[in-house]
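Visitor: Please give me a close look at one part of this model, and take your time over it. I'd like to know what it's built from and how far to trust it, with a glance at anything else worth a stop on the way out.

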Amino acid sequence: MMTETPTNEEAKMSATLYERIGGEPAVNAAVELFYRKVLNDHRINRFFGNSDMDKQIAKQKAFFTMAFGGPNNYTGQDMRNAHAHLVEMGLDDSHFDAVMEHLGATLVELNVPADLIAEAAAIAESTRNDVLGK
Amino acid sequence: MANLTIEEKTYSCQPDETVLDALLRGNVNISYACKKGNCHSCMVRSLNGAPPENTQVGLKSTLKAHHHFLACLCLPEQDMTLKLPDQSEFYTEGTVVVNDMLNRNTLLLIIAFKDAFEFNAGQFVNLQRPDGLTRSYSIANTPQESNTLEFHIRRLPGGKFSEWLHDGIKAGDTIAVSEPRGHCFYLPERREQGLLLVGTGTGLAPLAGILTDALAHGHTGPIYLFHGSREAEDLYRIDELRQLAAQHPNFHYMPCLSGPHVPEGFTAGRANDVALATLGDLKGWRIFLCGHPDMVNQTKIAAFLKGASSTDIYADAFLSTPV
């Protein structure tokens, strides 16, 4: 899961969270675990659709890339637009909390160090108001 | 600088410019969203050799094998000839050589071509009637020396195209056939992997091709085929498949009936339910699903929850287009 330990402290500091967490392979591993948790969670699985699973997986991949501070072009407005129909379905803080719970559990399962999990969780948390249309 | 060719037109790609940016600069109508390789919206296909490896990250193996890649990640290493997903199709004339019934409502149609028709078993083509009406059908055989394609055509009540194929054509007639499409096919890699094939009705067609291909490549892992319909009269190739299972110890065939009458030798229940109940953990399995879109979507998720990786689940849900 993790990339090789950087040889010196400087390299460690300059690498982005995305790189330190393990880049694209890490995202792929996380998405599979995370999406299984979400689909099994009756509190929130209705928001993750019975539609095309491949499209859902691509969306979750974008989410994790963003949470890891990786390359993405999403703006707050994009987040609002993408989730507006879910807000109409009743998406609220409790559901957002459940997703945060699964995000954390997924990263723990993948042995990501606690400080990196905290960084990823903070990035995901920063989207709360946009996702919930507040 | 590399040249990018799409049909008759050529676009120049500047150093450090991606294929996507070069095409957008040339006003090519190509879909895209994230420009970072995540969303897969800008997937195109190289027609002149393999694209750079880093442009195929995260794509299914079968898409990689056919040189699909993400235009937003590609800094071309050489001139490229490209195909966009919605580019107009090239049709070839074929001749009908067999039209027989497989069961009470399913036609076996075999079309022969003068030249080799390249495809992977499990892909589909569009068939076109002289007036332009077009429908997609899965190819049911593997590439043959005789250059023939086999199709299983179910008669849909009021279905213009299937009624035309059932009633309006005969051996010797010609029919227009598109290039093969779709990425639901077998690749001869990881031969020890378990293969799960679930199909309803004429969803057997692509699965039959995939099965033949896997056995011909000496696939060593267990192969399970669940073919379902409501009544036994709507299944077909039952004896052939039973014989195949007797010849290949790693191949298991279970015909499933969801209706009330289940004769000996058949399993009661929907094919997808029976499959999931018969097999436990699907971690590491490769899965092919063909048939009714609801069955396909539900089973995709169920198989994923039983441990199959999303990149190992292949499906071509065929929509029966209403009249």
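Guide: Let's start with what gets called a helix here: a DSSP run of H or I that is at least four residues long, while a strand is a run of E of at least two, and both are numbered from the N terminus. What you're looking at is a predicted model, and the part I'd pick is chain A. By that count, chain A has eight helices and zero strands. Walk along from the N terminus and the order reads α-α-α-α-α-α-α-α.

How is the chain packed? Of the 134 residues in chain A, 46% are buried. Take the contacts in chain A between residues at least 6 apart in sequence, and 76% of them join residues at least 24 apart. As for the outside, chain A exposes about 6,900 Å², with carbon and sulfur atoms supplying 55% of that area.

Now for trust. Chain A has a mean pLDDT of 85, and 88% of its residues reach 70 or more. Confidence in chain A is highest in helix α6 (residues 93–109), at a mean of 96, and lowest in helix α1 (residues 9–14), at 50. Over residues 1–11 of chain A, pLDDT stays under 50, though the model still has 14 contacts beyond four places in sequence for that stretch. Where pLDDT is low, the predicted coordinates should not be read in detail.

On the way out, have a look at chain B. The structure holds one cavity of 30 Å³ or more, and the space in the largest cavity is about 30 Å³. Its lining consists of B:Ser61, B:Thr62, B:Phe185, B:Leu187, B:Glu189, B:Arg190, B:Arg286 and B:Tyr314. Sort the residues lining the largest cavity and you get three nonpolar, two polar and three charged.

One last stop is B:Leu244, which sits in helix α5 (residues 238–247) of chain B. Why call B:Leu244 partly exposed? Because its relative accessible area is 23%, and the partly exposed class lies between the cut-offs of 20% and 50%. Leaving aside residues up to four places away in sequence, B:Leu244 touches B:Leu211, B:Leu215 and B:Phe251. Of those partners, B:Leu215 is 29 residues from B:Leu244 along the chain, and their C-alpha atoms are separated by 9.8 Å.

Definitions and conventions: Residues are numbered from 1 along each chain as its sequence is written. Chains are lettered from A and ligands numbered from 1 in the order in which they are written. This is a predicted model: local features need pLDDT of at least 70, side-chain atom pairs count only at pLDDT 80 or more; totals for chains, interfaces and linings use all residues. Side-chain values use heavy atoms; hydrogens and water are left out. Buried means under 20% relative accessible area, exposed over 50%, partly exposed in between (1.4 Å probe, protein chains only). Contact means heavy atoms within 4.5 Å. Accessible areas come from the Shrake-Rupley method with a 1.4 Å probe; for residues, only the protein chains shown count as cover. pLDDT is the predictor's confidence in each residue, from 0 to 100. On a 1 Å grid over the protein atoms alone, a cavity is a set of points where a 1.4 Å probe fits but cannot get out, and a pocket is an open set with protein on both sides within 12 Å along at least five of seven lines; lining residues have an atom within 4 Å of a point. Grid points are joined across faces, edges and corners, and a volume is the space filled by probe spheres set on the points. Ala, Val, Leu, Ile, Met, Phe, Trp, Tyr, Cys and Pro count as nonpolar, Asp, Glu, Lys and Arg as charged, and the others, Gly among them, as polar.
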